[in-house]
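User: I would like a close look at one helix in this protein, and then at how the parts around it are put together. Please take it step by step, as I am new to reading structures.

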Amino acid sequence: MAARSYSYTSPSIVIRVRPFGETSQVLHLATPEHGMVAALAKGAHRPGPAFHGGVALASAGTAHLLRRPRAEMELLRRFVPSEDLRGLRDGLPRFYAACYVLELLRAWMRPALPNPSLFRAALTALRAMARARDDSLASWVAWFEARALAATGHRPRLDACAVCDGPLEGRVYFSPAAGGLTHARCAPPGPRLAMDADGAHALDRFYTARLKELAADPPGTDAVAGARAVHDVFVPYVLERRPAALTGLPGRRVTPR
Ligand SMILES: [Zn+2]
């Protein structure tokens, strides 16, 4: 097939912004069907209908792109915001939570590799966080982590012991090395977290609860053990080490009130 330029549009979340020259921007966009896209927005900082003076980090909208076969980057011709996410800039806890979502997107979105589930989870989390109370941000962070991990192929076994298949009751361990919940006697060495039945239920809810149900009854302090299993144990295990930018994010302080 002859390499030709072509235009397309895509739902996008802006996951990185760098100034380029006097008036332009280089953007990294998370998209559902094209993975991560690097694009040059020429003259983005000039006033005008295409970019309204510059595209902001954590914006979500429709990107109008031109793919150029021999160019390093695509060309962003226009970005039309479709979501009101201004709430993410109301206060540091929301902003940190949003930055963390973007950080994980940068880690898990790959160029040209579609991942609509990961995109959808991020958009849902950003929408929720833009309106969330500060004390539910950590739970939304953990919800996003759980869904993002599942979207990248890391879905833990929670319905029975991941090692021996036996039924679970009472005190259990969450062990990423085993791939889910285990009996205490079955848990392999390595990072793990002891949980009671409520914690295990909260963890399961991150994976199974419908969004409407979560919005009506957001995970609260009862979800702390579930949030810790995802945020403190599972994500670091998958990432191997926590990106530096993740220190100081609200999810690190999930403590009962
Ligand atoms: Zn077992």
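Analyst: In this predicted model, helix H3 is mostly covered, since 14 of its 18 residues are buried. The helix runs over residues 134-151, and at 1.5 Å a residue its 18 residues should span 26 Å; the C-alpha atoms at its two ends are 26 Å apart, so the expected span and the computed one agree. After H3 comes Gly-153, which has a positive phi, near 95°.

A look at the nonpolar residues helps to place this helix. The largest nonpolar core has 76 residues, and those that touch the most other members are Val-101, Leu-105, Ala-122, Ala-125, Leu-126, Met-129 and Trp-140. This core lies between domain 1 (6-81) and domain 2 (86-253), because both domains give residues to it. In soluble globular proteins, nonpolar side chains tend to be buried together. Leu-126 can serve as an example from the core: when its neighbours within four places in sequence are left aside, Leu-126 is in contact with Ala-58, Ala-60, Leu-85, Leu-88, Ala-98 and Val-101.

The next step is to ask how the two domains meet. The centres of domain 1 and domain 2, taken over C-alpha atoms, are separated by 29 Å, and 12 residues of domain 1 are in contact with 17 residues of domain 2. On the side of domain 1 that touches domain 2, the elements that give two or more residues are S1, S2 and strand S3 (35-41), and S1 gives the most, with 3 residues. Sorted by kind, the residues on that side of domain 1 divide into 7 nonpolar, 3 polar and 2 charged.

Since S1 has come up, its pairing with other strands deserves a careful description. Strand S1 (residues 6-20) and strand S4 (residues 60-67) run antiparallel and are joined by 8 bridges; within this pairing, Thr-9 has His-64 of S4 as its bridge partner. S1 also pairs with strand S2 (residues 24-31), again in the antiparallel sense, over 7 bridges, and here Phe-20 stands opposite Ser-24 in S2. S1 and S2 form a hairpin with 3 residues between them, and in the turn Gly-21 has a positive phi of about 65°.

Terms used: Residues numbered from 1 in each chain as written. Predicted model: local features only at pLDDT ≥ 70, side-chain atom pairs only at ≥ 80, totals over all residues. Core = buried A, V, L, I, M, F, W, Y, C linked by C-beta atoms within 7 Å. Buried ≥ 20, exposed ≤ 12 C-beta atoms within 10 Å, placed from the backbone. Domains from an automatic or database assignment. Contact = placed C-beta atoms within 7 Å. Helix = DSSP H or I, 4+ residues; strand = E, 2+ residues; numbered from the N terminus. Expected span 1.5 Å × (residues − 1). Pairing = 2+ DSSP bridges. Nonpolar A, V, L, I, M, F, W, Y, C, P; charged D, E, K, R; others polar.
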